[in-house]
Amino acid sequence: MTAPLGTVPARAADLTIAVGGAFTSMDPHFFDLSPNHALTWHVFDRLVHPDADQRPSPGLATSWRVIDERTWEFKLREGVRWQDGTPFTADDVVYTFERAPNVPNSPTSMGQYIRPVTRLEVVDAHTIRMHTAEPIPLIPQMMMSFSIIGRKQGEGMSTADYNSGKAAIGTGPYRLVSLALGDRAVFARNPDYWGRPQPWERVTYRMITNDSARVAALQSGDVDAIDTVPTRDVARISRDNRLTVASRPGLRLIYLYVDANRPVSPLVTDRDGKPIPNPMRDVRVRQALSIAINREGIQRQIMEGYSKPTGQAQPEGAMGYDPSIPVPAYEPDRAKRLLAEAGYPDGFNITLSGPNDRYVNDDSIAQAIAQMWARIGVRTQVATTPASVFFTAGGVRDEHSIALTGWSTSTGEPDTHLSLMLATPEPERGRGTRLRPSHYSNTSLDRLIDRALTTIDQEAREKLYFEAIRIGYQQELAVIPIHHQVNIWAMRKGISYTPQLSEQTRAMEFAPAR
């Protein structure tokens with residue numbers, strides 16, 4: 001246990017962090033989930049590192065270049081060893097590409113980041129070329145999105161072997177000491193790490209999904225730092241002279257995915273509770289639901305100012321942000337008129353699903369939206385559940401009609417917003433997703449997305465992003481954006497933190513204050 005606040009810890013180089021995101025595995029390829037990536041990155045490294053602004057920088061690869069439009073060459077870092085002493089080579093990258101998209105029972109595959117590479121060419125032990133069937137401009141950004149594992153350490157190993165620690169042997173800054181899923185992981189500093197020496201001898205990485213319990217753990221001195229600070233507690237924590245707060249607007253978009261195409265949606269009925277044809281197939285209904293949401297009110301009353309209302313995929317300053325797209329105005333009277341024009345003058349009944357422990361104030365946001373929709377005649381029942389239940393019901397069983405959820409691009413660009421939210425599902429190409437099924441399909445938009453995701457020139461690519469986002473988010477409302485989260489951390493005095501554009505919380509961003 002960490003020493004009480006205001007005293008000197010027995011081991012000053014130990015750090016205990018409590019995170020709100022529920023991590024589920026030490027297997028870095030099991031689940032494309034931010035809390036899992038944050039956990040496993042302590043042990044497993046990546047070819048390319050995102051910097052604090054989510055731009056590519058050297059990792060296990062020291063450099064990369066375009067050979068031609070369909071070939072990228074990566075130079076691998078020499079002298080790197082796995083934590084069992086085995087040298088890191090290009091063959092480990094080959095093995096990672098073989099395994100990562102094919103992990104048994106994976107809820108969401110890592111294939112979207114690897115599938116564009118049709119062939120790996122090993123030039124020598126520390127040079128590898130990635131060949132693609134079409135121009136893929138975001139290959140370096142995709143390499144920021146998944147961890148490299150060793151052939152010797154991983155061959156024949158299952159997800160259970162990673163969770164037990166048997167296969168958890170990486171090239172990262174920390175070694176795994178122990179893992180108790182649902183509770184904590186303990187890491188020890190890797191003295192042979194190739195990168196910047198870490199200041200912490202031992203890191204305890206705790207999972208405390210309950211907001212009040214996480215804050216209480218910080219205030220009692222049971223932990224040194226926490227993430228996803230509840231907005232309602234920021235002012236109180238800031239007044240505590242033993243603690244400090246850090247925040248930064250992030251890439252996490254909070255939005256509604258809409259069952260926009262099925263003829264009948266499972267949780268929509270008329271006033272008498274009888275199933276009706278899916279009203280959300282009509283864009284006027286989707287528009288009505290959007291403009292009935294008071295985004296500024298949510299920002300002010302629920303998020304305590306710690307959100308950025310939006311009508312698009314990316315936050316201001318990020319690649320793909322279009323300043324011409326306004327935040328949707330709050331227009332409940334116009335929403336009623338749109339419903340009447342669509343044939344629903346008396347509204348209808350619907351269930352709004354969502355998690356209650358995954359995003360900042362997620363349950364409160366869902367409750368507020370339900371009240372706003374009730375004012376335009378859409379009687380809304382809220383059904384929020386723990387994230388594990390929510391994602392299974394929506395992603396695996398496709399049981400939702402409309403749901404509050406979130407998404408954060410791992411590349412810093414809106415490529416996955418387009419390919420996973422707007423594109424017609426084509427699993428073999430990594431298009432669409434079972435995790436957030438909207439059933440939306442637009443062949444002309446598909447062609448536009450294809451162009452955007454194969455345009456090497458950055459300026460031309462961003463213009464295509466703008467066009468696709470205007471269609472999918474502003475005009476068609478295939479998804480309904482709400483806001484971008486502002487990420488908030490708190491820690492005891494004596495510890496500094498460097499906020500990242502990414503919301504992932506890792507020991508590597510903490511340091512003893514100077």
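## Reading the cavities and a helix pair

The second largest cavity is lined by Ala423, Thr424, Glu426, Arg429, Arg431, Asp446, Ile449 and Asp450.

Biologist: Before we go into that, what is the mean pLDDT of the protein chain?

Modeller: This is a predicted model, and the chain averages a pLDDT of 93, with 96% of its residues at 70 or more. Watch residues 1-11, though: their pLDDT is below 50, and beyond near neighbours in sequence that stretch has 20 contacts in the model.

Biologist: Okay, cavities. How many of 30 Å³ or more does the structure hold?

Modeller: The general idea first: rolling a probe the size of a water molecule over the atoms shows where empty space is left. Here, the structure holds two cavities of 30 Å³ or more. The second largest has about 30 Å³ of space, and its lining divides into two nonpolar, one polar and five charged residues.

Biologist: And how much space lies in the largest cavity?

Modeller: About 410 Å³. Its lining takes in 30 residues, and Ser34, His37, Ser408, Ser410 and Gln504 are the ones nearest the centre.

Biologist: Which helices and strands each supply at least two residues of that lining?

Modeller: Look at α1 (34-40), β12 (243-258) and β17 (402-407), each of which gives at least two residues to the lining of the largest cavity. By class, that lining splits into ten nonpolar, eleven polar and nine charged residues.

Biologist: Now a helix pair. How do I read α14 against α16, and at roughly what angle do their axes cross?

Modeller: Two packed helices are described by the angle between their axes and the distance between the axes. In this model, the axes of α14 (residues 415-422) and α16 (residues 458-475) come within 11 Å and cross at roughly 35°. The crossing is left-handed.

Biologist: Which residues make the contact?

Modeller: From α14 you have Asp415, His417, Leu418, Met421 and Leu422, and they meet Tyr465, Ala468, Ile469, Gly472 and Tyr473 of α16.

Biologist: How many nonpolar, polar and charged residues does that contact have?

Modeller: Seven nonpolar, two polar and one charged for α14 with α16. Set that beside the lining of the second largest cavity, where five charged residues go with two nonpolar and one polar.

Conventions:
Residues are numbered from 1 along each chain as its sequence is written. This is a predicted model: local features need pLDDT of at least 70, side-chain atom pairs count only at pLDDT 80 or more; totals for chains, interfaces and linings use all residues. Side-chain values use heavy atoms; hydrogens and water are left out. pLDDT is the predictor's confidence in each residue, from 0 to 100. Contact means heavy atoms within 4.5 Å. Axes are lines fitted to C-alpha atoms, for helices over the stretch in contact, and angles run from 0 to 180 degrees between N-to-C directions. Helices (H or I, at least four residues) and strands (E, at least two) are DSSP runs, numbered from the N terminus. A crossing is left-handed if the near helix is turned anticlockwise from the far one by less than a right angle, and right-handed if clockwise. Ala, Val, Leu, Ile, Met, Phe, Trp, Tyr, Cys and Pro count as nonpolar, Asp, Glu, Lys and Arg as charged, and the others, Gly among them, as polar. On a 1 Å grid over the protein atoms alone, a cavity is a set of points where a 1.4 Å probe fits but cannot get out, and a pocket is an open set with protein on both sides within 12 Å along at least five of seven lines; lining residues have an atom within 4 Å of a point. Grid points are joined across faces, edges and corners, and a volume is the space filled by probe spheres set on the points.
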